[in-house]
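Colleague: I should like to understand how the terms used for a protein model are justified. Could we go through them one at a time?

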Amino acid sequence: MVRSASERASWSELAFHFSVLGVTAFGGPAAHIGLFADLFVQKMGWITNLHFASLLALGQCLPGPTSTQMSFALGMSQQGPLAGLMTGLLFLMPGALTMTAFGYGASFLDSLSVPGTPLNCAGAGLSAVGVAMIAGASLGLCQKLCTDRVTSTIAGVTCAACVALPAAWLYPAALVAGGALTLALASLPAGRGGASRESKSELAESLRASLSSADGAAVSPEAERDVPEPTKQNSLTGMGESRG
């Protein structure tokens, strides 16, 4: 169950969970995304699946590791920009400091690149485990986000294309193509390949949550329904003026 606006994660909750993840989240960005979805969507209920998928898609369109971008975005969605900065640094710094130390030490260890040495064998084993963790996290994330034939087909075709043609231009092209296809299908009337009324309602709720996170205060659907129509119109007008 997703938390209401008044039940957002506190600063102490954010600090605790991202401090723990910073020292226990192994396996790279793909595995981290799976951990985020399992903890913050399924168990904690901080955001909806659709909201999480929207943040993930945005992160994929930006340069840099998506899991790091998500760690900033998740904190910001709960307590604003400063919280996002805190959660991002708590998640990022343990790994950054550790890899800096390992990188410095590796420059003095020639045996690391020599096949058959203990260090080389340990590195190969860690790499194999990392691949397995990424594969498991990717499968779990696919099961959570690809909930219909359209998204499942897009995910399958994109995966096959990326494996068969690992070109740098293919990844942004696949993102644009997938987004354009789902947008086109969503605009069709229900019953002609378009999204159902329930699916569009869920998408609208997710977009409303994203906008309210950016404004710093969420509005629940129940509370919105209780507000008279003129008041809603005045609020939207005032919001537009303040942003202008």
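**Terms and their reasons**

Modeller: Histidine 32 is a suitable place to begin, and it lies in helix α2, residues 29-43. Please keep in mind that this is a predicted model.

Colleague: Why is histidine 32 called buried?

Modeller: Its relative accessible area is 11%, and buried means under 20%. Histidine 32 therefore counts as buried.

Colleague: What does histidine 32 touch, leaving aside residues up to four places away in sequence?

Modeller: Histidine 32 touches Ala25, Phe26, Gly27, Ser67 and Phe91. A contact here means heavy atoms within 4.5 Å.

Colleague: Ser67 brings us to another helix. What makes the length of helix α4 close to the expected one?

Modeller: Helix α4, residues 66-79, has 14 residues and reaches 20 Å from its first C-alpha to its last. The expected span is 1.5 Å times one less than the number of residues, and for α4 this comes to 20 Å. The two values agree closely.

Colleague: Which residues of α4 are buried?

Modeller: They are Thr66, Ser67, Thr68, Met70, Ser71, Leu74, Gly75, Ser77 and Gln78. Just after α4, glycine 80 takes a positive phi of about 95 degrees.

Colleague: Gln78 is in that list. Which residue before α1 can be set against glutamine 78 in distance?

Modeller: Glutamate 7 lies in the segment before α1, which covers 11-24. Glutamate 7 and glutamine 78 are 71 residues apart along the chain, and their C-alpha atoms are separated by 9.3 Å.

Colleague: Why is glutamate 7 called partly exposed?

Modeller: Its relative accessibility is 44%. Buried requires under 20% and exposed requires over 50%, so glutamate 7 falls in between and counts as partly exposed.

Colleague: How many salt bridges does a search of the whole structure find?

Modeller: The search finds one. Lysine 43 forms a salt bridge with aspartate 38.

Colleague: How do you know that lysine 43 and aspartate 38 form a salt bridge?

Modeller: Their closest N and O atoms are 3.3 Å apart. The cut-off asks for a side-chain nitrogen of Lys or Arg within 4 Å of a carboxyl oxygen of Asp or Glu, and therefore the pair qualifies.

Colleague: Which words describe the accessibility of lysine 43 and of aspartate 38?

Modeller: Lysine 43 has 61% relative accessibility, so it counts as exposed, the threshold being over 50%. Aspartate 38 has 30%, so it counts as partly exposed.

Colleague: What makes a group of residues on the surface a nonpolar patch?

Modeller: Each residue must have over 30% relative accessible area and no salt bridge, and nonpolar side chains are joined within 5 Å. Trp11, Leu82, Leu85, Leu89, Leu92, Met93 and Leu97 form such a patch, with about 660 Å² of accessible area together. Helix α5, residues 81-106, gives the most to the patch, with six residues.

Colleague: How do you know that leucine 92 meets the accessibility condition for the patch?

Modeller: Leucine 92 lies in helix α5 and has a relative accessible area of 34%. The condition is over 30%, so leucine 92 meets it and is also called partly exposed.

Colleague: Let us turn to the annotated regions. Where does UniProt place the feature "transmembrane region"?

Modeller: The unreviewed UniProt entry places it at residues 20-41, 82-104, 124-142 and 149-167. Over residues 20-41 the chain is 82% helix and 0% strand, with the end C-alpha atoms 17 Å apart. Residues 124-142 are 100% helix and 0% strand, and their end C-alpha atoms lie 27 Å apart.

Colleague: Where is serine 127, and why is it called partly exposed?

Modeller: Serine 127 is found in helix α6, residues 118-145. Its relative accessible area is 46%, so it is partly exposed. Serine 127 and glycine 27 are 100 residues apart in sequence and 8.9 Å apart in space, C-alpha to C-alpha.

Colleague: Finally, what can be said of the chain as a whole?

Modeller: Its secondary structure comes to 11 helices and zero strands. Of its 244 residues, 23% count as buried. The accessible surface comes to about 15,000 Å², of which 69% belongs to carbon and sulfur atoms.

Definitions and conventions: Residues numbered from 1 in each chain as written. Predicted model: local features only at pLDDT ≥ 70, side-chain atom pairs only at ≥ 80, totals over all residues. Heavy atoms only, no water. UniProt positions renumbered as here; feature names shortened; annotations may be inferred. Helix = DSSP H or I, 4+ residues; strand = E, 2+ residues; numbered from the N terminus. Buried < 20%, exposed > 50% of the residue type's maximum accessible area, 1.4 Å probe, protein only. Areas by Shrake-Rupley, 256 points an atom, 1.4 Å probe, with all protein chains shown as cover. Patch = residues over 30% accessible without salt bridge, like charges linked within 9 Å, V, L, I, M, F, W, Y side chains within 5 Å.
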